[in-house]
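The following exercises concern helix packing, chain contacts and charged pairs, and each is followed by a worked solution.

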2 protein chains.
Amino acid sequence: MSLLVTGSIGIDTVEAPCGMVEDALGGSSVYFAYAASFFSPVRFVGVVGEDCPPDFLKPLADRGNIDLAGLDVRKGSKTFRWHGKYHEDVNQRDTVSVELNVLGEAGPRIPQEFRDSKYVFLANTHPALQMELLAQLESASLVVADTMDIWIENDRELLVDLLARIDGLVLNDSEALQLTGKSNIVRAGIECSQMVRRFVVVKKGEHGSLLFINGNGKVYPIPGYPAEKVVDPTGAGDSFAGGMMGYIAENDIADYQTLHRAIAYGTIVASIELEDFSLNRFMEIDRGDIDARFAEFKELTAF
Amino acid sequence: MSLLVTGSIGIDTVEAPCGMVEDALGGSSVYFAYAASFFSPVRFVGVVGEDCPPDFLKPLADRGNIDLAGLDVRKGSKTFRWHGKYHEDVNQRDTVSVELNVLGEAGPRIPQEFRDSKYVFLANTHPALQMELLAQLESASLVVADTMDIWIENDRELLVDLLARIDGLVLNDSEALQLTGKSNIVRAGIECSQMVRRFVVVKKGEHGSLLFINGNGKVYPIPGYPAEKVVDPTGAGDSFAGGMMGYIAENDIADYQTLHRAIAYGTIVASIELEDFSLNRFMEIDRGDIDARFAEFKELTAF
């Protein structure tokens, strides 16, 4: 079933204890789209500047099931750039530099042929832009968004407004605490879930995630996949969301059982993504590799 | 089957955001014993001073299946005292004061009638004392120990010596990183598991735990129980170990499947313990309450 993603496309430079990459393909919609494409066709919406190398998005184009009709190559603009440096403990990182460039301009338009999308992921950006994009996607039956600390801090009202209009939210544990002012993550998650229509996924990095359902008061914990090899965690959160939404779109159902399993799939996809820089690991694997690790994860977590 | 615990008995003062207790019953062997007694008879070994109020250990005595023959009330000595203060985020705490008192003296002796114990838990103390206690328990078929940062820092050789002679180790994630010098918790856990005979459980507080089996290279993640109400986390780690070892002793088998389920039981027992100060919550519940929450946890974590 149709799955649409809107988000950033980045030219990333990443330094990590195991090595580095310069000017590599990155950005939230890129990681999301590749991850989701293992499960379902993806409609891709994003903006780059005219400095973007012509073949930069080739890994997405080569997938065969990622429709790039929503890619806007904007004349006179420059592509978003990010440079990060991970510590020896790769759970810690510093941002060396950010050039917002085209991301600081007007957002993309959703192409007409994408407007009937049923499943939608609004990757992290200003909630006003997320609202604008949402308004162009009136047929969607499941809209999930990501957000981040600066919008919670500076644009809380707008964000709360957006949340009331969407079905699901994916955010980090620290962001859930910040959004609710709680000190207990379970209470925070329950409160967050009441701000959206259906569910919230609180991500805890290597410690996994918690699924909160609005209304039933239940909390579903999913442990992290025990990753021995972490080269570059950049994009892991977006790959998680991509795996999750891809699985939902593939099954064309979003009941709680499917949602729970979708989060486990997201966990597995993210655990593979972070084993190398950029999309390198994704480009080496297929759905069978994901299913094999999923089966192993299921066995290791069943008691 | 016979389960023996050695560890501290403390007169605890605890300040937490929800309230405080003064001079309450605490200590590693106390929490362990009470938690384990829901599953199996327990043989209790520990030392107090003559200042210890006569009824101080009555909650343990009243259980009916905790044998206090190993309780040493030492003339002229004073009982261990601990005073801790939790932050608004109860994952953070400060030690206000510690009086080692009798814990700084010679360790307890294992009573003759306890020396045939099959399952043994050596709660955290100096590895030299753990070694002494181990030497008195030659019939044990499964010995598990706890440890802490100061022994890893100051008595590493002794500790490594001890580990080679025991079956299992339970420790915190930060301690596993410290013991191995790794920055990845999975690699650290695998290396720790190779230092003992059979297995290591790495505890991650609210994020659950990881079970590492020496030899098979597998890592079993167990999420934390999503606890909405955390009044006082004191004793949660020892209650976890008590639930785990109690379940193993009850089933009189320690294969990996039992071990995995034992850790889930430990998780549940700890999640109940921290809902009130001291042993207060334990004194309100029975095995049925534990089994009910276990069943709920199993359902919430199965995907």
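**Exercise 1.** Helix 9 of chain A and helix 10 of chain A are roughly perpendicular to each other; establish this from the geometry of their axes, and then describe the contact in this predicted model.

*Solution.* Begin with the axes of helix 9 (residues 256-273) and helix 10 (residues 287-301) of chain A, which come within 9 Å and cross at roughly 115 degrees. Angles of 65 to 115 degrees count as roughly perpendicular, and therefore helix 9 and helix 10 of chain A are placed in that class. The sense of the crossing is right-handed. On the side of helix 9 of chain A, the contact residues are Arg261(A), Ala264(A), Tyr265(A), Thr267(A), Ile268(A), Val269(A), Ser271(A) and Ile272(A), while helix 10 of chain A brings residues including Ile290(A), Phe294(A) and Phe297(A). Sorted by class, the contact of these two helices has eight nonpolar, two polar and six charged residues.

**Exercise 2.** Determine how helix 3 and helix 5 of chain A are oriented, and which residues bring them into contact.

*Solution.* The axes of helix 3 (residues 127-135) and helix 5 (residues 156-165) of chain A come within 9 Å, with a crossing angle of roughly 30 degrees. That makes helix 3 of chain A roughly parallel to helix 5 of chain A, and their crossing is left-handed. From helix 3 of chain A, Pro127(A), Ala128(A), Gln130(A), Met131(A) and Leu134(A) meet Leu158(A), Leu159(A), Asp161(A), Leu162(A) and Arg165(A) in helix 5 of chain A. The residues of this contact divide into seven nonpolar, one polar and two charged.

**Exercise 3.** Classify the packing of helix 1 of chain A against helix 8 of chain A from the angle between their axes.

*Solution.* For helix 1 (residues 28-36) and helix 8 (residues 236-251) of chain A, the axes come within 7 Å and cross at roughly 40 degrees. That makes helix 1 of chain A oblique to helix 8 of chain A, and the crossing is right-handed. Helix 1 of chain A contributes Ser28(A), Tyr31(A), Phe32(A), Ala35(A) and Ala36(A), and among the partners in helix 8 of chain A are Gly242(A), Gly243(A) and Gly246(A). By class, this contact has six nonpolar, five polar and one charged residues.

**Exercise 4.** Describe the interface of chain B and chain A, beginning with its contacts and buried area and ending with its salt bridges.

*Solution.* Counting contacts, 33 residues of chain B touch 33 residues of chain A. The area buried between the two chains is about 3000 Å², and carbon and sulfur atoms give 60% of that area. Glu228(B), Leu300(B) and Phe303(B) supply 28% of the area that chain B buries against chain A, more than any other three residues. Two salt bridges are found across this interface. The side chains of Lys218(A) and Glu299(B) form a salt bridge, at 3.7 Å from N to O.

**Exercise 5.** Which parts of chain A are tied together by the pair of Asp116(A) and Arg43(A)?

*Solution.* Over all chains, the structure holds 30 salt bridges. In the one between Asp116(A) and Arg43(A), the closest N and O atoms are 2.7 Å apart. Asp116(A) lies in the loop between strand 7 (93-99) and strand 8 (119-122) of chain A, whereas Arg43(A) lies in strand 4 (residues 42-49) of chain A, so the pair ties together parts that are 73 residues apart in sequence.

Key
Residues numbered from 1 in each chain as written. Chains lettered and ligands numbered in written order. Predicted model: local features only at pLDDT ≥ 70, side-chain atom pairs only at ≥ 80, totals over all residues. Heavy atoms only, no water. Axes fitted to C-alpha atoms, helices over the stretch in contact; angles between N-to-C directions. Helix = DSSP H or I, 4+ residues; strand = E, 2+ residues; numbered from the N terminus. Parallel < 35°, antiparallel > 145°, perpendicular 65-115°, else oblique. Left-handed = near helix turned anticlockwise from the far one by under 90°. Contact = heavy atoms within 4.5 Å. Nonpolar A, V, L, I, M, F, W, Y, C, P; charged D, E, K, R; others polar. Buried area = accessible area lost by both parts, 1.4 Å probe. Salt bridge = Lys/Arg side-chain N within 4 Å of Asp/Glu carboxyl O.
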